[in-house]
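Work through the exercises below with the structure open. Each one has a task, then a solution in steps.

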Amino acid sequence: MAFTFAAFCYMLALLLTAALIFFAIWHIIAFDELKTDYKNPIDQCNTLNPTVEKVKKIKRVKIALKLVLPEYLIHFFFCVMFFCAAEWLTLCLNLPLLAYHVWRYMSRPVMSCPGLYDPTTIMNADILAYCQKEGWCKLAFYLLSFFYYLYGYVEAVSSDRRAAQHGSV
Amino acid sequence: MSTAGFNSQNGTGTGQTYANGPSQNPVALQQLPGVSYGMTNQPPYNPVQAKAPAPPGPGLYPAGLYQPIPPVSSYQPGPPPTSYPSSAGQPLLPRPPMGGHPSHTPPQSASPSPGPRMPMPPAQATPPPPSVSSSSYYPNPQQPMTPAWQYNTPTPPLGPATSISAPPMGPVANHVNPAATLAGPSLPSSASYSSAAPLPPPPNMSYSTTQPPGPGMPPTSLHGYTQPGVAPPPMNPMAPHTYQGQSNRPAYGPPPTGPTPAGPPPTMKPTSFPTGPPVANATPPPPKADAVAGNGPQATNSYNHLDNKMAGPTQPGPPGRHLGHYPSLPPGYQNTSAPHATPPIHPAMQAATQPYTQAPQPYQQPPGGPGPAQLSPSLAAMSLQSSTPEALRVVNLLQERNLLPPAPVPAPTPCLTQDLQKLNCSPEVFRSTLTSIPQTQSLLNKAKMPLGLLLHPFKDLSQLPVVTSSTIVRCRFCRTYINPFVSFLDQRRWKCNLCYRVNDVPEEFMYNPVSRSYGEPHKRPEVQNATIEFIAPSEYMLRPPQPAVYLFVLDVSHNAVETGYLNVFCQSLLDNISSLPGDSRTKVGFITFDSTIHFYNLQEGLSQPQMLIVSDIEDIFLPTPDSLLVNLNESKELVQDLLKSLPNLFEKTMETQSALGSALQAAFKLLSPTGGRMSVFQTQLPNLGVGALQSREDPNQRASAKDIQHLAPATDFYKKLALDCSSQQVAVDLFLLSAQYCDLASLGCISRYSAGSVYYYPSYHHQHNPAQVERFQKDLKRYLTRKIGFEAVMRIRCTKGLSIHTFHGNFFVRSTDLLSLPNVNPDAGFAVQMSIEENLDDMQVVSFQAALLYTSSKGERRIRVHTLCLPVVNSLSDIFAGADVQAITGLLACMAVDRSVTASLSDARDAMTNAAIDSLMSYRQSVLTIQQPGLLVPACLRLFPLYILALLKQKAFRTGTSTRLDDRVFAMLQLKYQPLAYAMLMIHPALYRVDDLTDEGALNINERTIPQPRLLQLSVEKLSREGAFLMDAGIVIYLWIGRNCHSNFLTQVLGVPNYAAVPDNLYLLPELDTAESQRTRAFIGWLRDQRPFFPSLHIIRDESQLKASFMQNMIEDRTESALSYYEFLLHLQQQISK
């Protein structure tokens, strides 16, 4: 058997982490755009005019903000997978982030719909800066874990193979 | 608008009138006292109009008319220039013109203070040719419109020529005001002036001499009111001054520390001398006059003053003044009397090297005496090395108790050169917590004081220059509007003061309408006024300007009918229906609700209003979408019928439920196509349908609860709805009249995020609570008639390196520097926290610009721009010297409100105390050179601990005392939303003794004498049983009658024979014909006139129920749960010296 459950988990995590990296980048861009909106010289005086470009941008920002919950779910999902595969070390590495996600979602502002960001406070410089920092940290974490999963996957597959070889010999 | 202004330069235009000219010379203006009437957004005022009918040649005329031409702006400074110096409340100035031109007062310009508050009916305001209104956007003929809007031009076009850069050099006298233009040549020349013609010209308009001929002029003459021959007489005298003023202008760049050696222009002297210390202090100066005098600590002045002080020790002056403050004090004040005997050693006497050594000196400067306090900045400017600025004089709070100035504390003046300061924005409109901006964030962190701005951007101004121009000159890069603080590199280029990039001066900006000269862009009104309004051309609109739309959403459940508010509301609206701001497009609508939603079909043609009931509150729909919002003019009778019958309609209702959420949704649907204002009247907790709320307050926990819960909204329904409203340009104003808990924390969101306002009348009842009824009536009247701006946005720009951290107020933040304000009203204040992102190393000054783009009720797009300039400093002592204690308190209050919602109330309280401790500790460690025992603070912060203590005891933040949750939340909303001047009264009420009012030092406004008693400290020891005391706490005024009050006061003012006969629930002073009664009433009336809302008066004696709330405002006293002022100081000292 060349392909254990652990190897499968790693492979899945690898793919999902790629997606998460993508989410994180989107997140960073979204907040950066929110922050630097005013530096856009194109939207001249007519601040009221949502030009086509602006609308597009707003949509992008909105989508990015909506990605929060999927991100959390994906992360939760492969944590569960690692748990099932008994990859304890990997799980431990991911637990802090999982806890952070849970805490973050518990302490979200009062909202009737799922979501994390309150449009009325998001522009506060502190919150904006926090969210940006959060984005960068996550990006770094996901990048590192991407390579870790890659390593884990190779390791899992090759150890299988070794085991298989040993067995055959 | 099209005016080739420069043409006049070309010599063809004989008296090419830049009519509005003379106003720009501040010096000259100062000499002309008084015209404090209405602002300018009034078309008829536009002097330029006069010119319209005067085509230079028939052939050319059309060219001017249709505007293809690059227009120079026609500048309309509204009220004649003369009004310049007279700030609204100028007590000293009788306002003759006011009477002269009643119909002139533009509806929007409620005069700030004692003047008539109500806007006049628009119709009278402007009698223009009706024929003009051919365009649908401007059904109101009175609008001066800008022909530049293509869609607006009723006539065939000469005009696609939009290019501005190609000025027609033709001799066209096209100073044509759009309105006039449209009116066309058919009008006699006097016609365009007609609005003014029938009325006596304001006596002190400087051009009044030329005016009379105006109306009579033959149509051929070229100019409005300037006769060809007479041309510039009014201007001439001023020209030299202007030049003088200008000559100082180059001093622009130089560091603020150097006062112009040249001194002020000669004309300044007369004005500045009187402010000298002896005079100013001799009599308790009226606060207003004071402020004015104080606004110009001129160089001369300060020298003067300094000299005085130098002569100091032997001079009886200062000590005399000092003692002068005390007579009203009860004896036994710790160290007041003794020290006074010792001759004061003034700081100026101190050796330069030890600027602070005089700290412990017992001598007290007259606290807050107008002279020194205001001089400080210029003193500081002169030389920090040679003497300590007054603001930094060290005060030991533990020894000096009597810190309150005799009159309201004036805003400190930034330490700028005189030229800049003269141009700077009024502190009433734009104020910074630190008038000297630290160079780096680390310096700011060291000072431990919040950096922020407090704005009152839409304040009713008595005079406001309005510029009509086809191109509004702005920086190409950062879009800053050109302002007085830009620098002109040469005639063709200017350097933005926010981004420091160089821009070209557009061709038409070269022409100066004020002096009617060419090539002096730096004398344009835009560059001479820190507060200015532009009529925006069409690029500033996304859609045609919306009409004024008012929708009233009324609670008619049983509870509401019980309170009887419907009668008052309907009556007020009936009375004011013709003064609602708006034009011929104004629309109104009504919705009532209990457990169902009732709509009213008011379509023109119906014989009586039709009520349509929608009972499906889960899925609300509009029964007849077209006829629910109707044109007010067309359906006025139906509206009046409805208002008359409405109170009776629900008289017998037994419906107790309230489906507020659905009603709001319905109202939103109704308003969303146009935008507008929604006024919601609610009397109970909404308990049905969407947005239903539960009672979250446990009355038994009010006093004992360790931490106050439920300050945050329970649901986001109202917030989400408010955001929807905001995106559709709908603002929601909430009137809450309720005796029970209504969960204002949740309901308030509807107004908070849609830029509305909240009014709260606890325990409103038409019989049991007449004081509330009166307040409600007066507030409603103001609310209905005040100026209003629709579909507004406000952007705050600041010099590169500074950035905006947080906004406070009612709005939705659309971008880091952009606020979306569906409606903006003149009573709304905003606060902004700033941070310093990049070091401001090589900058002498920084600027802040707030630009408010809005649609006036007349359907004009306008931009109001305020620019504030502040010096940059790099030492902590300079930062402390420039601290504005009131602004700091206001900003801290806003921050504390946020903190108590996001964290907890106790957190917020701690944060406020820490703010005081940190900044004073920083002062002690970094600025004070010599350490002494005691609580040492700089003079400019001497009130800081008191204000912090006052905040801790304010309704919003107090603990331990029973406070209803709604009251608390309302106080929080107010702190964030009120302009600083009113918020300060809520924080630290003013206490006056009124049984011995005299005319000494009284103000004189409109023939009324307003006595000016001095401010007393908020301590019971200031009260005496023999007296009567007035406490002004913002929205409520208490008159406390001592048990042994002079019978004279009782009989002459209250009209009762003795103390026992004072009725229990007295809320009105009888109008007796005695001097005492008149004085007291004049004083109370004056206090009320100073604010846009109506404080109710409660006359209380020892037994009254309200005595408790009166006593709770005694901030300096100890209560069961809170420290006294002295204890608080000890606490601070202990923390600081730790």
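A residue counts as buried when its relative accessible area is under 20%, as exposed when that area is over 50%, and as partly exposed in between. Keep in mind that this is a predicted model.

**Exercise 1. Classify a salt-bridged pair**

Task: Are B:Asp967 and B:Arg964 buried or exposed?

Solution.
- Step 1. Find the link. A salt bridge joins the side chains of B:Asp967 and B:Arg964, at 3.9 Å from N to O.
- Step 2. Check the arginine. B:Arg964 has a relative accessibility of 18%, so it counts as buried.
- Step 3. Check the aspartate. The relative accessible area of B:Asp967 is 15%, so this residue is buried.

**Exercise 2. Compare two further salt bridges**

Task: Find the partners of B:Arg492 and B:Asp779, then describe the setting of each pair.

Solution.
- Step 1. B:Arg492 pairs with B:Glu507; their closest N and O atoms are 3.1 Å apart.
- Step 2. Locate the two residues. B:Arg492 lies in the loop between strand S7 (487–490) and strand S8 (493–495) of chain B. B:Glu507 lies in the loop between strand S9 (502–504) and strand S10 (511–512) of chain B. The two are 15 residues apart, and the pair links distant parts of the chain.
- Step 3. Apply the cut-offs. B:Arg492 has a relative accessible area of 38%, so it is partly exposed. B:Glu507 is at 18% relative accessibility and therefore counts as buried.
- Step 4. Turn to the other pair. B:Asp779 bridges to B:Arg775, with 3.9 Å between the closest N and O atoms.
- Step 5. Place this pair. Both residues sit in helix H27 (residues 770–785) of chain B; they are four residues apart, so about one helical turn separates them. B:Asp779 and B:Arg775 are both buried.

**Exercise 3. Count the salt bridges**

Task: How many salt bridges does the whole structure have, and how many run between chain A and chain B?

Solution.
- Step 1. Over all chains, the search finds 31 salt bridges.
- Step 2. Between chain A and chain B the count is zero.
- Step 3. Look inside chain A for a network. Salt bridges link A:Glu71, A:Arg104, A:Glu134 and A:Lys138.

**Exercise 4. Describe the interface**

Task: What makes up the contact between chain A and chain B?

Solution.
- Step 1. Count residues. Chain A contributes 24 and chain B contributes 32.
- Step 2. Take the area. About 2300 Å² is buried between the chains, and carbon and sulfur atoms give 55% of that.
- Step 3. List the polar links. Two residue pairs are in polar contact between chain A and chain B, both at pLDDT 80 or more.
- Step 4. Assign elements on the chain A side. Helix H1 (5–36) and helix H5 (125–168) of chain A each supply at least two residues of the side that touches chain B. H5(A) gives the most, with three residues.
- Step 5. Sort that side of chain A by class. It has 12 nonpolar, seven polar and five charged residues.

**Exercise 5. Place a strand**

Task: Where does strand S25 (residues 830–836) of chain B sit, and which strands pair with it?

Solution.
- Step 1. Test burial. Seven of the seven residues of S25(B) are buried, so the strand is largely enclosed by the rest of the structure.
- Step 2. Recall the pattern. In a regular strand, side chains alternate between the two faces of the sheet.
- Step 3. Split the residues by direction. B:Phe830, B:Val832, B:Met834 and B:Ile836 point one way. B:Ala831, B:Gln833 and B:Ser835 point the other way.
- Step 4. Find one partner. Strand S5 (residues 452–455) of chain B runs antiparallel to S25(B), joined by four bridges. Here B:Leu454 has B:Ala831 as its bridge partner.
- Step 5. Find another. Strand S22 (residues 802–808) of chain B pairs with S25(B) in the antiparallel sense over six bridges. B:Leu802 stands opposite B:Ile836.

**Exercise 6. Map the surroundings of one residue**

Task: Which residues does B:Ile750 contact, leaving aside its neighbours within four places in sequence?

Solution.
- Step 1. Locate B:Ile750. It is in helix H26 (residues 749–752) of chain B.
- Step 2. Check burial. B:Ile750 has a relative accessible area of 2%, so it is buried.
- Step 3. List the contacts. They are B:Leu664, B:Tyr718, B:Leu721, B:Ala722 and B:Val732.
- Step 4. Set this against the chain. Of the 1138 residues in chain B, 67% are buried.

Conventions:
Residues numbered from 1 in each chain as written. Chains lettered and ligands numbered in written order. Predicted model: local features only at pLDDT ≥ 70, side-chain atom pairs only at ≥ 80, totals over all residues. Heavy atoms only, no water. Contact = heavy atoms within 4.5 Å. Buried area = accessible area lost by both parts, 1.4 Å probe. Salt bridge = Lys/Arg side-chain N within 4 Å of Asp/Glu carboxyl O. Polar contact = N/O pair within 3.5 Å; in protein donor to acceptor, adjacent residues only side chain to side chain. Nonpolar A, V, L, I, M, F, W, Y, C, P; charged D, E, K, R; others polar. Buried < 20%, exposed > 50% of the residue type's maximum accessible area, 1.4 Å probe, protein only. Pairing = 2+ DSSP bridges.
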